[in-house]
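Subject: Handover of a two-chain model

Dear colleague,

I am passing on the structure below, and I would be grateful if you could keep it open while you read the notes that come after it.

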Amino acid sequence: MIKTDFYKLLKYVIPWILILWLSSFFFLIFSKLESSWLISVVGFGLGLIVMYVISFIAFVNRNPTPLSISLLGFPASGKTVFLTVLFDVLMTNGTRSNYSIIFSPYGSETVERVVSHLNLLTRGKWLPKTGKNEVFYYRALASMGTGIFSRRLKIEIGDYAGENIGQFDTDDERWLHKTDYFKYVIQSEVILLSVDSKEVAGKNESIIQAIENSLIAAIQLVIENKGVDINKKLKAPVALIFMKCDLVSVRSLDKLKNKLSRLINLCQKRCLYFKIFMTSSVGHINKDGSPPAKLTPIGIVEPIIWALQRRT
Amino acid sequence: MKENFGWIAKHLVLPLIPFIFGTLIRFVLHGPFICAIFDPAELSFSMAMLCFLITLNASKLRDNSLAEGISFFNILGMIIFISLFVLTVFTKVLVDNNMLEILGAVKKALTDGRTNRAILKIFNNETTAKYVEVLATIKLLTVISGIAFFSSAIFFKFKYKLED
């Protein structure tokens, strides 16, 4: 509200100041006054520049550096639920003294979206599938460190439909129709690869291979498009997140890793920062397969905190 | 890296071409006299174009409030530079008119067979000196505003990752 009023004030006041400035100049030229008038005009001009600098600094303070995070994964891997619960945790548990990172949601759209999705989840309904042409950007402000060394970031995570991952797969028809999603992933500074633990733990090898191949292709394309030299590593942190870990036993982590060994090897070789996370957005599910009324997320914030710490 | 060069060429160098070429031509003709080779009209016109291109580019940002903020600063820049351009052109027209008046007066003085002292008096016109002073003031304001807006354009590019 204050921000809008400030802009409105500037928008309406500055043209009038300029008109005054121009008229004083014309008056000065026609009236052929002494040069002391000229000095006052220069002073007025410099005053405007000072005003510009002050409003510029205020603008920069309100708009910290954006950090785009891409979340890649196959359809129904749990990306939207992950983002909803993540932002709910960040909103409600904003201050994390262990990491000295403070979060706050940015923009009313994010809050509205998170609340409406949470209401669905707590009513025992899974979130609707993200449409193929649908996209929503979850935004939050993060402040890291304290005092004069603190750094502020505006985090942005795009929630795209899982089908879009086909844009990285040469066998998929979407390979030929690259959309904003492709550009978004290529330009993002943190890459989160999400896989459905249950799917990977399953016996359908063709699905596991398809997931692994798509993620390998995506990482290769990101490395190539970011211009990373053959003997250098990708600086953007890459996190491999095993979603829905409540559906598999803890002991099966090694098995899961083995099933995606090619992807993990590639990330370890070509990425400067790479880590594997086990998460569950809802904690456990009811017997009928619906989400519980009380969500107990597991390890959901850790990938973001880890990635942010690598970016500082 | 390639994208950054492309962006800088398109949004910073391209609009400044009239100013760069004008300055280069005057540099070749007059030598490295910083004050003489700068033309505030060229600089203000180029800077207005630069602000316009940055405003267009900012509209591509996904974050609407950020895009609005950047656009606001650059629209303000456009208003300032267009005003400076109008002022420069107006003052130059006045200077030219004044010069024509002086030349007319000199011609008349020569035809009338007046003394060199009288002709010199016509040249030492106070109005001309005033206009030159006004032009110098506009030049100063244009250069200061130009530096402020050019640096802010570079700042916006790297801080908010403006892309093509």
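The notes below go through helices, a pocket, salt bridges, a surface patch and two backbone angles.

This is a predicted model, in which local features need pLDDT of at least 70 and side-chain atom pairs count only at pLDDT 80 or more, whereas totals for chains, interfaces and linings use all residues. Residues are numbered from 1 along each chain as its sequence is written, chains are lettered from A and ligands numbered from 1 in the order in which they are written, and side-chain values use heavy atoms, with hydrogens and water left out.

**Helix α3 of chain A**

Helices and strands here are DSSP runs numbered from the N terminus (H or I with at least four residues for a helix, E with at least two for a strand). Helix α3 of chain A covers residues 79–92, and its end C-alpha atoms are 20 Å apart, which agrees with the 20 Å that its 14 residues should span at 1.5 Å a residue; the expected span is 1.5 Å times one less than the number of residues. Twelve of the 14 residues of this helix are buried, where buried means under 20% relative accessible area, exposed means over 50%, and partly exposed lies in between (1.4 Å probe, protein chains only). Among the buried residues are A:K79, A:F82, A:D88 and A:L90.

**The second largest pocket**

A pocket is an open set of points on a 1 Å grid over the protein atoms alone, where a 1.4 Å probe fits and protein lies on both sides within 12 Å along at least five of seven lines; its lining residues have an atom within 4 Å of a point. The second largest pocket has a volume of about 530 Å³, the volume being the space filled by probe spheres set on the points, which are joined across faces, edges and corners. Its lining consists of 28 residues, and A:A76, A:S77, A:G78, A:V81 and A:K244 lie nearest its centre. Helix α3 of chain A gives the most to this lining, with three residues, and both α3 and α6 (197–201) of chain A supply at least two residues each.

Of the residues nearest the centre, A:K244 lies in the loop between β7 (238–243) and α8 (253–259) of chain A and is partly exposed, with a relative accessible area of 26%.

**Salt bridges**

A salt bridge is counted when a side-chain nitrogen of Lys or Arg is within 4 Å of a carboxyl oxygen of Asp or Glu, and by this rule there are ten over all chains. One of them is between B:D63 and A:K154, with the closest N and O atoms 2.5 Å apart. B:D63 lies in the loop between α3 (40–58) and α4 (64–112) of chain B, while A:K154 lies in strand β5 (residues 151–160) of chain A, so this pair joins two chains. B:D63 is buried at 8% relative accessible area, and A:K154 is buried at 3%.

A further salt bridge is formed by B:R62 and A:E156, whose closest N and O atoms are 2.8 Å apart. B:R62 is partly exposed at 36%, whereas A:E156 is buried at 9%. A:R139, A:E156 and B:R62 are linked in a network of salt bridges.

Within chain B, B:K108 forms a salt bridge with B:D112 at 3.7 Å between the closest N and O atoms. The two residues both lie in helix α4 of chain B, four residues apart, about one turn of the helix. B:K108 is exposed at 56%, and B:D112 is partly exposed at 49%.

**A nonpolar patch on chain B**

Ten salt bridges are counted over all chains, and a residue with a salt bridge is left out of patches, which are made of residues with over 30% relative accessible area, like charges being joined within 9 Å and nonpolar side chains (Val, Leu, Ile, Met, Phe, Trp, Tyr) within 5 Å. A nonpolar patch on the surface includes B:V13, B:I17, B:F21, B:L24 and B:V28, and the whole patch has about 940 Å² of accessible area, computed by the Shrake-Rupley method with a 1.4 Å probe, with only the protein chains shown counting as cover for residues. B:L24 is found in helix α1 (residues 2–30) of chain B and is partly exposed at 45%.

**Helix α6 of chain B and two positive phi angles**

Helix α6 of chain B (residues 126–159) has 34 residues and reaches 49 Å from its first C-alpha to its last, close to the 50 Å expected. Most residues other than glycine have a negative phi. B:K161, in the segment after this helix, has a positive phi of about 50 degrees although it is not a glycine, and is partly exposed at 29%. A:A76 also is not a glycine and has a positive phi of about 65 degrees; A:A76 lies in the loop between β1 (65–73) and α3 of chain A and is exposed at 59%.

With best wishes
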